[in-house]
Structures are given as structure tokens and as C-alpha cells.
Amino acid sequence: MGSGSSSESKQLVTAQRTWGCLCGKTQIKLHGEPMMVFNCHCHGCVAAMRHVDSKQNPGTSAASPGGGVSKALFYLDQIQLPKELHTEQLGTVKVGEKGTNVRSYTRCCNTLLFTAGGKSFPGAFRPMNRNCIRNNDSDDSPFVPVGDVPNVQAASAFVPEEVPEPRHSSLPCGLLCGFIGGICRAKCCCDRSGVLADDPAIQSDPESADVEVVPITWE
């Protein structure tokens with residue numbers, strides 16, 4: 001058996017959770033624990049989420065209590081995309097004409113999938129809509145992080161005073177160190193991209209004509 005088959009078998013054994021859109025057409029296997037979880041309240045993340053949620057027949061919203069975006073970050077080598085998932089099945093969104101951060105959603109039911117990304121994204125990880133993650137157990141229970149989930153970027157929120165506790169004006173040190181560590185591992189010593197390093201469903205081009213533009217109305 002080749003190394004690829006052994007790697008795939010190991011992934012199937014360690015799969016713990018599944019990301020699924022509202023209609024169930026898009027199912028993504030997730031292996032292991034997320035590198036971090038948080039709710040982002042910045043203008044860009046919230047505006048992109050609202051854009052997707054405003055579509056006709058919207059799917060599972062990524063909204064967190066207080067109006068932020070529920071995120072769970074996974075390294076790319078933890079994400080197992082279905083073979084039948086093609087770029088035409090995903091819609092993409094950026095904020096502002098010059099935006100480089102590309103979010104994606106499922107066209108089947110308008111469920112926000114990756115809450116940040118694109119080929120300009122610096123790390124070998126992607127934040128996903130946490131509200132769509134379920135445990136692979138007998139009850140198919142929703143994924144619930146252990147402990148309080150931090151609410152970050154409160155200073156950049158549309159209504160800062162409505163951001164609930166635990167509230168942080170920007171990224172707290174623990175999360176910031178996690179981001180920097182993930183970026184450094186990708187660029188230096190331990191690339192966690194796996195087979196998705198060049199996958200067009202992950203590495204969306206922000207300059208593509210297909211990317212929807214959310215206007216910046218808060219500057």
C-alpha cells in the first residue's frame with residue numbers, strides 16, 4: 001500500500017468532526033482539534049457574513065451571540081474536502097474592490113464556509129463557520145468549544161458596546177501568538193498545507209471576476 005493510501009487511512013481513523021452546510025450537500029471531514037476558536041466582530045468579517053446571510057434562502061449563519069462571526073481554525077492538513085467539491089459550487093466574497101481576504105460560501109444553500117482565506121492568506125490554516133461543525137458521535141451533536149469563547153476585535157465592531165464578554169479590543173496575546181506561529185510554521189519549518197496547498201477551492205484569487213464585492217460603508 002502506498003504512502004498516500006496510508007495517509008488517507010490514518011485520516012479516516014482520526015476524523016472527529018464534520019462540517020456540513022444547511023442542506024447537507026456539502027460535507028467536509030475535519031481531523032483533530034481546531035488550532036483555536038473565537039468570535040470576530042471586525043467590520044470586514046461581519047460585513048461579509050451579513051452579505052451571505054442576506055441572500056435568498058440563506059443557510060446556516062456564522063453569527064455568534066452579540067453579532068460576531070463564529071470561527072474555528074483548522075490547519076489545511078486537517079481539512080478533507082470531498083472529491084466532488086468544485087470551485088463552481090462555492091461562491092466567493094471580498095470586502096472592498098481592493099480586498100485580498102476571500103471568504104467562501106456554498107452555492108447550494110448559501111452557507112458561509114471559510115470565513116477568511118484566498119491565495120493571499122498568509123497561513124496554512126483556514127477559519128471555518130463554527131456553527132456548522134458537528135461531532136462524529138451517535139447523537140451527531142454540535143461542536144461546543146470547552147470554556148468561554150473570546151470575542152475579539154471589539155474596537156472594530158459596528159456597535160462596540162454590544163460585544164459580549166469575554167471581550168477584547170483586538171486579538172489577545174494567546175490568539176495572536178497562535179496566528180504568528182501558524183504563519184511561521186507554514187513559511188519555515190513545518191508546512192501544514194497538505195494536499196490543499198494548490199487547491200483552487202482553498203486558494204481563491206481575489207482578482208477573479210467571480211468574486212462578489214461587499215462595499216465598504218464604514219470609513
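Visitor: Which residue in β9 is the bridge partner of F74?
Guide: The bridge partner of F74 is R126. Please note that this is a predicted model, in which local features need pLDDT of at least 70 and side-chain atom pairs count only at pLDDT 80 or more, while totals for chains, interfaces and linings use all residues. Residues are numbered from 1 along each chain as its sequence is written, and side-chain values use heavy atoms, with hydrogens and water left out.

Visitor: How do you know that β4 and β9 pair, and in which direction do they run?
Guide: Two strands pair if DSSP finds at least two bridges between them. Five bridges join β4 to β9, so the requirement is met. The two strands run antiparallel. The names follow DSSP as well: helices (H or I, at least four residues) and strands (E, at least two) are DSSP runs, numbered from the N terminus. By that rule the protein chain has three helices and twelve strands.

Visitor: What joins β3 to its partners β4 and β11?
Guide: Five bridges join β3 to β4, and these strands run antiparallel. One place to look is F38, whose bridge partner in β4 is K71. Two bridges join β3 to β11, which run parallel. Two bridges satisfy the rule of at least two, so β3 and β11 count as paired. Here C40 stands opposite V152 in β11.

Visitor: What makes β9 and β11 edge strands?
Guide: The open sheet has four strands in the order β9-β4-β3-β11, with mixed pairing. Both β9 (125-129) and β11 (151-152) pair on one side only, and they are the edge strands.

Visitor: Why is β4 called mostly covered?
Guide: A residue is buried under 20% relative accessible area, exposed over 50%, and partly exposed in between (1.4 Å probe, protein chains only). In β4, seven of seven residues are buried, so the strand is described as mostly covered. V69, K71, L73 and Y75 point one way, and S70, A72 and F74 point the other way. Across the protein chain, buried residues make up 47% of the 219 residues.

Visitor: Why is the link between E33 and R17 called a salt bridge?
Guide: The term requires a side-chain nitrogen of Lys or Arg within 4 Å of a carboxyl oxygen of Asp or Glu. The closest N and O atoms of E33 and R17 are 3.4 Å apart, so the pair qualifies. The pair links distant parts of the chain, 16 residues apart: E33 is in the loop between β2 (27-31) and β3 (36-40), and R17 is in strand β1 (residues 15-20).

Visitor: Are E33 and R17 buried or partly exposed?
Guide: E33 has 45% relative accessibility and therefore counts as partly exposed. R17 has a relative accessible area of 9% and is therefore buried.

Visitor: What makes K55 and E212 a salt bridge?
Guide: Their closest N and O atoms are 3.0 Å apart, which lies within the limit, so the name applies. K55 is in the loop between α2 (43-53) and β4 (69-75), and E212 is in strand β12 (residues 212-214), 157 residues apart. K55, at 22%, is partly exposed, whereas E212, at 18%, counts as buried.

Visitor: How do you know that E165 and R167 meet in a salt bridge?
Guide: The N to O distance is 3.6 Å, again within the limit, and therefore the pair counts. E165 is exposed at 58%, while R167 is partly exposed at 36%. A search of the whole structure finds five salt bridges, including these.

Visitor: Why is the aromatic pair of F158 and W218 called edge-to-face?
Guide: Rings of Phe, Tyr and Trp (its six-membered ring) pair if their centres lie within 6.5 Å; planes under 30 degrees apart count as stacked, over 60 as edge-to-face and the rest as tilted. F158 and W218 lie 5.5 Å centre to centre with 90° between the planes, so the pair is edge-to-face. F158 is partly exposed, at 33%, and W218 is partly exposed, at 25%.

Visitor: How do you know that the charged end of R50 sits over the ring of F158?
Guide: The rule asks for NZ of Lys or CZ of Arg within 6 Å of the ring centre and within 35 degrees of the ring normal. The charged end of R50 is 4.6 Å from the centre of the F158 ring, so the distance satisfies the rule, and R50 is listed as sitting over that ring.
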